[in-house]
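Here is a short briefing to read alongside the model. Have the viewer open and follow the topics one by one.

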Amino acid sequence: NKLWIGGPGGLDMLDTKSRVFTHVQNKLGEGTTISNTSIYNIAVDKKQNVWAITNEGLNRLDEQTGRFKKYLDRTPVNFVLADRQGNLWCSTFQGVFKYDQESDNFLNFTDESGLTNTPSFWMDEDSEQNIWIAAVAGIIRLDKDRKNAVLFGKSQAVNVGALTGSPFIRQNGDILVGDSTG
């Protein structure tokens with residue numbers, strides 16, 4: 001019943017039942033506030049934690065207290081994804097990171113092929129629970145078991161330098177990705 005909205009003015013929540021907007025207050029300079037008011041990606045995990053990316057990092061909102069905790073300090077985060085298995089993933093210029101609940105930290109994730117240990121931009125999950133990652137070398141498909149990755153690159157006519165925006169995965173499984181070359 002909540003719709004989270006992020007943008008240059010900060011983080012807002014629309015209660016879809018009451019139709020009331022709430023602006024999450026930001027007190028820059030305070031240690032428990034969001035790292036910046038410009039938000040460009042949001043994910044909600046299975047525990048209903050709200051994760052927001054700003055140009056200064058990844059932040060988790062504790063809705064009860066209104067406080068934020070910051071993660072991946074000094075690591076620019078490009079995208080955050082909550083998968084259907086309950087895992088939280090981040091794509092960064094240092095590769096893919098996976099949230100470890102026990103340590104309450106993000107750890108660098110490397111599949112058996114090592115493909116995910118490369119600068120990455122966005123990610124999404126398809127209906128078969130594969131994760132698709134746009135990386136410097138191409139588009140990577142990480143299988144449901146999170147062990148094997150396949151690279152779709154120049155050999156498959158993928159020009160990563162021309163990719164624009166985030167992917168859209170249709171209900172029939174088709175993946176749509178914008179490309180500046182048309």
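The notes below go through cores, salt bridges, one sheet and aromatic rings.

This is a predicted model, so please read every value here as computed from it. Its largest nonpolar core has 20 residues, and a second, separate core has 13. The structure also holds 7 salt bridges and 9 aromatic pairs.

**Nonpolar cores**

- In the largest core, the residues with the most contacts inside it are W89, V96, M123, I131, I133 and L142.
- Five strands each supply at least two residues of this core: β8 (77-82), β12 (120-125), β13 (131-135), β14 (138-142) and β16 (163-169). Of these, β13 gives the most, with 5 residues.
- W89 is a good place to start looking around: leaving aside its neighbours within four places in sequence, W89 touches residues including F79, V80, L81, V96, F109, M123, I131 and L142. Among its contacts are also the charged residues D83, K98 and R146.
- The second core, separate from the one above, includes A43, L72, V77 and L88.

**Salt bridges**

- D83 and R146 meet through their side chains in a salt bridge, at 3.1 Å from N to O. Because D83 sits in the loop between β8 and β9 (88-92) and R146 in the loop between β14 and β15 (149-152), the pair ties together parts that are 63 residues apart in sequence.
- Are these two partners buried or exposed? D83 is buried, with a relative accessible area of 4%, and R146 is buried as well, at 7%; the cut-off for buried is under 20%.
- The D83 and R146 pair belongs to a network of salt bridges that links D83, R84, E125 and R146.
- K2 and E63 form another salt bridge, at 2.7 Å from N to O. K2 lies in strand β1 (residues 2-7) and E63 in the loop between β6 (57-62) and β7 (67-71), so this pair joins parts that are 61 residues apart in sequence.
- K2 is partly exposed, with 46% relative accessibility, and E63 is partly exposed too, with 36%.
- R60 forms a salt bridge with D104, the closest N and O atoms being 3.3 Å apart. This pair links distant parts of the chain, with R60 in strand β6 and D104 in the loop between β10 (95-100) and β11 (105-108), 44 residues apart. R60 counts as buried, at 18% relative accessibility.

**An open sheet**

- Which strands make up the open sheet, and in what order? There are 4 strands, in the order β12-β13-β14-β15, with antiparallel pairing.
- β12 and β15 stand at the edges with a single partner strand each, so one side of each is left without a neighbour in the sheet.
- From one strand to the next, the twist averages 20°.
- β14 and β15 pair over 4 bridges in the antiparallel sense. L142, one of the core residues with the most contacts, has A149 in β15 as its bridge partner.

**Aromatic rings**

- Y71 and F106 form an edge-to-face aromatic pair, at 5.7 Å centre to centre and 80° between the planes.
- Y71 lies in strand β7 and F106 in strand β11, so the pair ties together parts that are 35 residues apart in sequence.
- Y71 is buried, at 4% relative accessibility, and F106 is buried with a relative accessible area of 4%.
- Y71 and F106 also belong to a cluster in which ring pairs link W51, Y71, Y99 and F106.

Methods: Residues numbered from 1 in each chain as written. Predicted model: local features only at pLDDT ≥ 70, side-chain atom pairs only at ≥ 80, totals over all residues. Heavy atoms only, no water. Core = buried A, V, L, I, M, F, W, Y, C linked by side-chain atoms within 4.5 Å. Buried < 20%, exposed > 50% of the residue type's maximum accessible area, 1.4 Å probe, protein only. Contact = heavy atoms within 4.5 Å. Salt bridge = Lys/Arg side-chain N within 4 Å of Asp/Glu carboxyl O. Pairing = 2+ DSSP bridges. Axes fitted to C-alpha atoms, helices over the stretch in contact; angles between N-to-C directions. Phe/Tyr/Trp six-rings, centres within 6.5 Å; stacked < 30°, edge-to-face > 60°.
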